[in-house]
There are 2 protein chains.
Amino acid sequence: MDGKGIPRAVIERLPRYFRYLGDLRDNHVERISSQDLSVLMQVTASQIRQDLNHFGGFGQQGYGYNVNFLYTEISKILGLDKKHRLILIGAGNLGQALVNYVTFETRGFNIRGIFDIDPKKQGLLIRNIPVLPMEELQSFIRDNDIDIAVLTVPKSEAVGIAELLVKYGIRGIWNFAHTDLNVPKDVVTVNVHLYDSLLNLSYQINEREE
Amino acid sequence: MDGKGIPRAVIERLPRYFRYLGDLRDNHVERISSQDLSVLMQVTASQIRQDLNHFGGFGQQGYGYNVNFLYTEISKILGLDKKHRLILIGAGNLGQALVNYVTFETRGFNIRGIFDIDPKKQGLLIRNIPVLPMEELQSFIRDNDIDIAVLTVPKSEAVGIAELLVKYGIRGIWNFAHTDLNVPKDVVTVNVHLYDSLLNLSYQINEREE
């Protein structure tokens, strides 16, 4: 549950609704029934109704959902009406790939700075953003009103850097390091554990072989 | 539920157990009680016991879990006693980062080939693996006994390529494209939707501000 009593599972499904509604909008679909949306998304219509009811419903009996309206409302719920200012820490291959993932940029997630502990990487330009030394982290976060840090550092460094980020007032950490971070409750962390995800795939393949 | 009646949520938690047990093993811890593991992993001891009971238990009353034994057993359950042969399709920034993520390689996930539809990328070497044209996909999968495809192509191409992969006999797709794939039930897909994950972070930050 989050602070509003919305189950975590519902929150985790919201971006998927947002993605499907965005596709429908791009295809100029004006309205859709929960039944049709259910076929498209391969979840039950009743789950869709229940999920969206947590946010006030939006559907009208006999009409269905207004695609553009629902898309806009979910975008506000997801905080996309506000701009986010990001830094990335760890300018390795994965970090560089994320900086170059400009899709985030066009949707209100602006990468303002890149940091790396390796002096050899400092001064390097990635998509014209310079890699800065860790000594400048605190002042950079403060001066640029950074709210999100993307963490693409090795596991061994992640916990220590996360402690610094919390101390320097970061609000959210998008963590790609292969470890869980222990941060205070007012700091949000979302993990992308790529190896865990690959193991999930491996498990399912193995299980179907038997 | 999977084919053995194990709930999906349990399966999704297995890689995390595996990660913590690997860390304990690396730190030469020989055994651990479900209570201590529960403090470490910040889940209840009863959930740990219930989860591991799906696979036969492994714990002994008054002794706890033998770390190395449990690690080895979970590694087998996850299919890590078998080697996987992978191809990657889409040699963009993210694809290149994943090919360079050698940690997978050392753990039995060998990237054998890289494909891209862009003729300009063909012939390029990424970690000494050449980028091949899509025309060679079918024969390459067959000749190299490829079981997993990593899909790092744009959304617009992903569905079409997934259909080819299924036709050519791939067993699992690790999908980074920002769309869901509709594949037959005997083909496994695991999605890494990075933007969905970033939206989850944005939602939680937004929700705490209000």
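Q: Which word describes Asp180(B), buried or exposed?
A: This is a predicted model, in which local features need pLDDT of at least 70, side-chain atom pairs count only at pLDDT 80 or more, and totals for chains, interfaces and linings use all residues, while side-chain values use heavy atoms, with hydrogens and water left out. Residues are numbered from 1 along each chain as its sequence is written, and chains are lettered from A and ligands numbered from 1 in the order in which they are written. Buried means under 20% relative accessible area, exposed over 50%, and partly exposed in between (1.4 Å probe, protein chains only). Because Asp180(B) has a relative accessible area of 15%, the word for Asp180(B) is buried.

Q: Which side chain meets that of Asp180(B) in a salt bridge?
A: A salt bridge is a side-chain nitrogen of Lys or Arg within 4 Å of a carboxyl oxygen of Asp or Glu. Asp180(B) sits in the loop between strand S8 (172-175) and strand S9 (188-191) of chain B, and its partner lies in helix H1 of chain A, so that the pair crosses between chains; here helices (H or I, at least four residues) and strands (E, at least two) are DSSP runs, numbered from the N terminus. The partner counts as partly exposed at 22% relative accessibility. With N to O at 2.7 Å, the side chain that meets Asp180(B) is that of Arg16(A).

Q: How many salt bridges are there between chain A and chain B?
A: One example joins Asp196(B) and Arg19(A), at 3.0 Å from N to O. The structure holds 18 salt bridges over all chains, and the count between chain A and chain B is eight.

Q: What area do chain A and chain B bury between them?
A: Contact means heavy atoms within 4.5 Å, and 67 residues of chain A are in contact with 67 residues of chain B. Buried area is the accessible area (1.4 Å probe) that two parts lose on being put together, summed over both. For these chains 58% of that area is on carbon and sulfur atoms, and the total is about 6200 Å².

Q: Which residues touch the most other members of the largest nonpolar core?
A: A nonpolar core is a set of buried Ala, Val, Leu, Ile, Met, Phe, Trp, Tyr and Cys residues joined through side-chain atoms within 4.5 Å. Beyond its neighbours within four places in sequence, Trp174(A) is in contact with residues including Phe104(A) and Leu198(B). Among the 98 residues of this core, those touching the most other members are Trp174(A) and Trp174(B).
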